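Could you walk me through this model in my viewer? I would like to know what to select at each stop and what I will find there.

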Amino acid sequence: MADIGILGEISVAQLTKLEDIVSLCKRRGFIFQSSEIYGGLASCYDYGPLGAELKRNVRQAWWKAVVQMRDDVVGLDCSILMHPLVWKASGHADKFADLVTVCKKCNMRSRVDHLPDHPEEHTAHITVDAAMKDAKNLSKKVCPSCGTVGQFSEPMEFKLMFETQMGANIDDSMTVWLRPETAQGIFVNFINVLQSSRVKIPFGIAQTGKSFRNEVTTKAFIFRTREFEQAEIEFFCEPGTDVEWWEHWKKERFNWYLNLGIKKENLRLRDHDKDELAHYAKGCVDVEYKFPFGSGDWQELEGIANRTDYDLRQHQRGMRTVTTWHENGKNTLKVPLAAEAEDYQSGPLSYFDEEQKKRYIPYVIEPSAGIDRSTLAFLVDAYDEDEVNGEKRSVMRFHPALAPIKVAIFPLVKKDGMPEIAQEIYNKLKRHFACFYDEKGAVGRRYRRQDEAGTPFCLTIDGQTKEDGTVTVRERDSMVQTRINKENLLNYLRDKLEV
Ligand code: GAP
């Protein structure tokens, strides 16, 4: 299952196979295959009791860092279904596609950019025509399924947005899409937030939520799924200050992962090459994590892009398209996006700077992260094995802020008044942290189960508790046990857990 090395006191075991991660996640109730009793639904996953807590904690840690702790970012929660013109203006309706090809030998469909020598994430926002030119020569490409070389069909476009119909009556029903990113909900609410809150540029809007993409290549557990959760910030700033803010967000976001316990050697920033950049982007850097499975690949956790004023300008064009869209049977794909107004800098999505007495379209820095993807990174990075009394111990070394259960409470035995005291402590502490009460089995086995769940502290109520009011607090990583008076437990744990 794992490679184990010993670095002084700290072991560095790693889950090196994807199957082992999947199996651990299922066994301990972190993540299950969706609709498993029906044979499963490809590329869709459900979070079990521990996974739901872990994912919620990842989301909360992100929100705390980028909204709660900052005076210049506010939150938002947009709907998944949006006006179809949103996706016309953003470019997704016409261009959000992957190029796919079919192997003539085994009929397997592959993304052209996933065939060897094409490492890019996907072809989003590059015109399909441009990607098509790059993909012309597949004569040396290898089919990832059967290994045949150069036997591919002409590349074709595969639309990534899920389409559905909205409206009960045939007359007023229209095609809408499930959002492929949360970002556009922020752009279309820029003016609402500006007019309803006391924000001034520079400021950001943050939101988390589900996005949907009909991905061609999945098969990497929750790394790439068709339904996933994003955590995105659009940070609006004055043109000319954008590079400074981009640098600021690169540092902030990189440190967020480190502060939550990701090992430094597994994290890096990678600048996009010029030919990877969307035509409107001034710069983009990915925060990458070195996933230990497969060939030990560096993979994107988050992108931090300087998107210039592109999005707000596009939505000003979208707003100018509404009438023609109505006049043309609401056919989003057939209606061209209206041209940009000459005085676009003072358009409806512009900003008036009171101090400088000038109007402009703000530039945008976009740190765009994935909650599921970072949850997977936190999971694999936390996994470790060591030895206790000659026996192997599997332990999830989650940062306390992320640990699904913060404190487990055990009576040493199920008699002599110990369960009653343990229950009393449990009832008091669970008002403040996620706690777990367990009175079954040998205490050593109860510790092991909590180590595998990543619980930072276990409390044991024993004979001495009745005599002097102290309980044993056992720390997950060092396994050091300290006796603490039960009256001081709340403050002691609050301090240690930093929550
Ligand atoms: N608004 C910009 C945007 O959506 P992206 O690189 O396509 O950019 C941002 O997505 C983040 O969302 C990625 O870094 C990744 O963490 C997450 N993400 C994207 N597609 C995903 C998928 N199919 N499954 C899981 N996470 C995904």
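Start by selecting strand 8, residues 97–102, together with strand 9: the two pair in the antiparallel sense over 3 bridges. Keep in mind that this is a predicted model. To see one of these pairings up close, pick Thr101, whose bridge partner in strand 9 is Ser110.

Now add strand 10 to the selection. You have an open sheet of 3 strands in the order 9-8-10, with antiparallel pairing. Strand 9 (109–111) and strand 10 (156–159) stand at the edges with a single partner strand each, so one side of each has no neighbour in the sheet. Look along the sheet and you should see the twist: neighbouring strands are turned by 45° against each other on average, direction ignored.

Next, move to the ligand and show the residues around it. There are 19 of them, and the closest are Glu181, Glu215, Thr225, Glu232 and Glu300. Colour this shell by class and you will find 9 charged, 5 polar and 5 nonpolar residues.

Which strands each supply at least two residues of the shell? Select strand 14 (227–237), strand 17 (298–308) and strand 20 (363–370). Strand 20 gives the most, with 4 residues.

Finally, zoom in on three glutamates. Glu300 has a polar side-chain atom 2.5 Å from an oxygen atom of the ligand. For Glu215, a polar side-chain atom lies 2.8 Å from a ligand nitrogen atom. In the side chain of Glu366, an N or O atom is 3.1 Å from a nitrogen atom of the ligand. Switch on the surface to finish: taken alone the ligand exposes 550 Å², and the protein buries 93% of that.

Definitions and conventions. Residues are numbered from 1 along each chain as its sequence is written. This is a predicted model: local features need pLDDT of at least 70, side-chain atom pairs count only at pLDDT 80 or more; totals for chains, interfaces and linings use all residues. Side-chain values use heavy atoms; hydrogens and water are left out. A residue is near a molecule or strand if one of its heavy atoms lies within 4 Å of it. A polar contact is a pair of N or O atoms within 3.5 Å; within protein, one must be able to donate a hydrogen and the other to accept it, and residues adjacent in sequence count only if both atoms are side-chain atoms. Accessible areas come from the Shrake-Rupley method with a 1.4 Å probe; for residues, only the protein chains shown count as cover. Ala, Val, Leu, Ile, Met, Phe, Trp, Tyr, Cys and Pro count as nonpolar, Asp, Glu, Lys and Arg as charged, and the others, Gly among them, as polar. Two strands pair if DSSP finds at least two bridges between them. Axes are lines fitted to C-alpha atoms, for helices over the stretch in contact, and angles run from 0 to 180 degrees between N-to-C directions.
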